[in-house]
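Please work through the exercises below with the structure in view. Each task is followed by a solution in steps.

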Amino acid sequence: MDYGFVDCHCHISAREFEEDVEDVILRTRQAGVKTLIAVTEGVGEFSRVLQLQQRFPDLVSPCLGVHPLQGGDEPQERQRSARLQDLDAALPLIYKHRERLTAVGEIGLDFTPWCAPTQQHRDDQMAVFVKQLDVAKELDLPVRDKLIAQIPLDNICLETDSPALGPDDAHVRNEPCNIVLCCAYVAKIKGLSPQRVQFVTAQNASRLFFPGAVF
């Protein structure tokens with residue numbers, strides 16, 4: 001049975017993909033990717049990721065969430081810590097579209113000094129994070145997607161985090177089709193075949209995001 005790849009963390013709704021998303025999706029399918037777990041960073045992305053799910057319902061599985069760092073309120077302020085006000089704007093949409101969601105994400109904590117310089121900033125982030133964990137629990141949805149190389153293969157999912165982290169140059173756009181590179185890297189570290197890693201990680205993603213589904 002062909003399980004295909006599952007990219008458990010990508011930003012297919014990012015502005016970097018707006019001009020050629022059809023081509024990106026084509027390359028994604030050609031690479032054998034069957035599912036994109038599409039995460040958001042803030043309420044401004046929610047409508048885009050939901051529209052992409054409507055266009056590609058067999059591929060895009062949306063997640064809605066508030067990233068710990070948000071765009072600045074002023075032009076000179078590039079990023080700032082998330083605040084409860086950011087979550088207040090997001091929660092009604094999360095509840096409204098709960099039946100379409102695969103997970104709550106992207107969420108977490110980021111205490112980068114220039115983005116969270118004070119204890120108040122860090123406390124604000126923590127409040128947003130805890131509230132989203134509560135919402136995820138209430139809606140029975142998963143939250144964390146990061147691959148940890150040290151854990152057993154049965155607990156690993158693959159992700160590209162595209163468009164971030166281009167494989168050859170971090171400043172070049174990444175795409176979901178590069179999931180094959182993630183698979184090959186894990187296979188090398190684990191001493192396994194890429195086919196084995198592909199199969200097991202797809203099963204893992206199925207159990208986490210789509211209980212009872214078959215890819």
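The exercises concern backbone geometry and a surface patch.

This is a predicted model, in which local features need pLDDT of at least 70, side-chain atom pairs count only at pLDDT 80 or more, and totals for chains, interfaces and linings use all residues. Residues are numbered from 1 along each chain as its sequence is written, and side-chain values use heavy atoms, with hydrogens and water left out.

**Exercise 1.** Determine whether D140 is buried or exposed.

*Solution.* Step 1: locate D140 in the loop between helix 4 and helix 5; helices are DSSP runs of H or I with at least four residues, strands are E runs of at least two, and both are numbered from the N terminus. Step 2: apply the cut-offs, where buried means under 20% relative accessible area, exposed over 50%, and partly exposed in between (1.4 Å probe, protein chains only). Step 3: D140 has a relative accessible area of 69%, so it is exposed.

**Exercise 2.** Determine whether D161 is buried or exposed.

*Solution.* Step 1: D161 is in the loop between helix 4 and helix 5. Step 2: its relative accessible area is 11%, so D161 is buried. Step 3: note the backbone, since D161 has a positive phi of about 60° although it is not a glycine. Most residues other than glycine have a negative phi.

**Exercise 3.** State which peptide bond leading to P163 is cis.

*Solution.* Step 1: P163 lies in the loop between helix 4 and helix 5. Step 2: the bond from S162 to P163 is cis, with omega near 10°. Most peptide bonds are trans.
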